[in-house]
Amino acid sequence: MAFAVMACQNGPDTKANTLPNSPKADAGMAVTDTQDSSKFTRIEWLDKDLNLGQITEGTDQPVAFRFRNTGDKPLIIASVRPGCGCTVAEPPKEPIMPGKEGVIKGTFQSGGRVGVNNKSIVVNANTFGGTSHELHFKVVVVEP
């Protein structure tokens, strides 16, 4: 299982996660699919901003952002990049065919994060209207 883990201190220069052994990981495929507009499709985010409520510090909170390919070409998630090392995220392993749904799964690790946490995950895909999509979630962490 491939996870992108980014350290909070790394900031915007952290590297994106591209899955090995997937069609998009082939030589130049991810770059081509997110730059060649003849391969672009449309994405509809069913979940883009989530409020996960309150959790106890030390709890791992699952996060899931659902989406649908509303275009006519396969949707390829080239990479996912959490904004902080307290969040890991996993893109779909296969392209999402037209009319089908997919999920960006993640986990927020709440240890040492007491208070309000507003986190993001950046998704790069072969989509019209921009290839970069920023997803957000909010969670309040309380002491045990």
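Here are some numbered notes on this predicted model, meant to be read with the structure open.

1. **How far to trust it.** Start with confidence, since this is a predicted model. The mean pLDDT of the protein chain is 83, with 76% of residues reaching 70 or more. Watch the beginning, though: residues 1-31 have a pLDDT below 50, and in the model this stretch makes 64 contacts beyond near neighbours in sequence. Treat what you see there with care.

2. **The parts list.** What is the protein chain built from? Its secondary structure comes to one helix and nine strands. Going from the N terminus, the order reads β-α-β-β-β-β-β-β-β-β. There are 144 residues in the protein chain, and buried ones make up 42% of them. Among contacts between residues at least 6 apart in sequence, 69% join residues at least 24 apart.

3. **An open sheet.** Next, find the sheet with the strand order 3-9-8-5: these four strands form an open sheet with mixed pairing. Strand 3 (49-56) and strand 5 (77-82) are the edges; each has a single partner strand, so one side of each is left without a neighbour in the sheet. From one strand to the next, the twist averages 20°.

4. **Who pairs with whom in that sheet.** Some background helps here: strands of a sheet pair through backbone hydrogen bonds, and they can be parallel or antiparallel. Walk across the sheet from strand 3. Strand 3 and strand 9 are parallel, paired over six bridges, and you can spot Gln 54 opposite Val 140 in strand 9. Strand 8 and strand 9 then pair in the antiparallel sense over 10 bridges, with Asn 124 facing Ser 132 of strand 9. Finally, strand 5 and strand 8 (115-125) are antiparallel over five bridges; here Val 80 has Val 123 of strand 8 as its bridge partner.

5. **The hairpin turn.** Strand 8 and strand 9 form a hairpin with six residues between the strands. Look for Gly 129 in this hairpin, as that residue takes a positive phi near 80°.

6. **Strand 4 and its partners.** Strand 4 (60-69) is worth a stop too. Strand 2 pairs with strand 4 in the antiparallel sense over three bridges, and Ile 43 has Asn 69 of strand 4 as its bridge partner. Strand 4 and strand 7 also run antiparallel, joined by nine bridges. In that pairing, Val 63 sits opposite Gly 106 of strand 7.

7. **Two-faced strands.** In a regular strand the side chains alternate between the two faces of the sheet. Strand 4 is a nice place to see this: Gln 61, Val 63, Phe 65, Phe 67 and Asn 69 point to one face and are buried, while Asp 60, Pro 62, Ala 64, Arg 66 and Arg 68 point to the other and are not. Now try strand 9 (132-142). Its covered face has His 133, Leu 135, Phe 137, Val 139 and Val 141. The uncovered face includes Ser 132, Glu 134 and Lys 138.

8. **A threonine in a loop.** Is Thr 41 buried or exposed? Thr 41 lies in the loop between helix 1 (29-35) and strand 2 (43-45), and it counts as buried because its relative accessibility is 0%. A polar atom of the Thr 41 side chain is 3.5 Å from the backbone nitrogen of Gly 71, and the backbone nitrogen of Asp 72 is also 3.5 Å from a polar atom of that side chain. Setting aside neighbours within four places in sequence, Thr 41 has contacts that include Pro 74, Asn 126 and Phe 128.

9. **A proline in another loop.** Pro 98 belongs to the loop between strand 6 (87-90) and strand 7 (101-109). Its relative accessibility is 34%, so it counts as partly exposed. Beyond residues up to four places away in sequence, Pro 98 touches Asn 69, Gly 71, Asp 72, Lys 73 and Pro 74. Pro 98 and Pro 74 are 24 residues apart in sequence, yet their C-alpha atoms are 5.9 Å apart in space.

10. **The cysteines.** How many disulfides does the structure hold? Zero. The closest cysteine sulfur to that of Cys 86 is in Cys 84, at 3.1 Å, which is too far for a bond because a disulfide needs the sulfurs within 2.5 Å. Cys 86 is buried, with a relative accessible area of 3%.

Technical notes: Residues are numbered from 1 along each chain as its sequence is written. Side-chain values use heavy atoms; hydrogens and water are left out. Helices (H or I, at least four residues) and strands (E, at least two) are DSSP runs, numbered from the N terminus. Buried means under 20% relative accessible area, exposed over 50%, partly exposed in between (1.4 Å probe, protein chains only). A polar contact is a pair of N or O atoms within 3.5 Å; within protein, one must be able to donate a hydrogen and the other to accept it, and residues adjacent in sequence count only if both atoms are side-chain atoms. Contact means heavy atoms within 4.5 Å. Two strands pair if DSSP finds at least two bridges between them. Axes are lines fitted to C-alpha atoms, for helices over the stretch in contact, and angles run from 0 to 180 degrees between N-to-C directions. pLDDT is the predictor's confidence in each residue, from 0 to 100.
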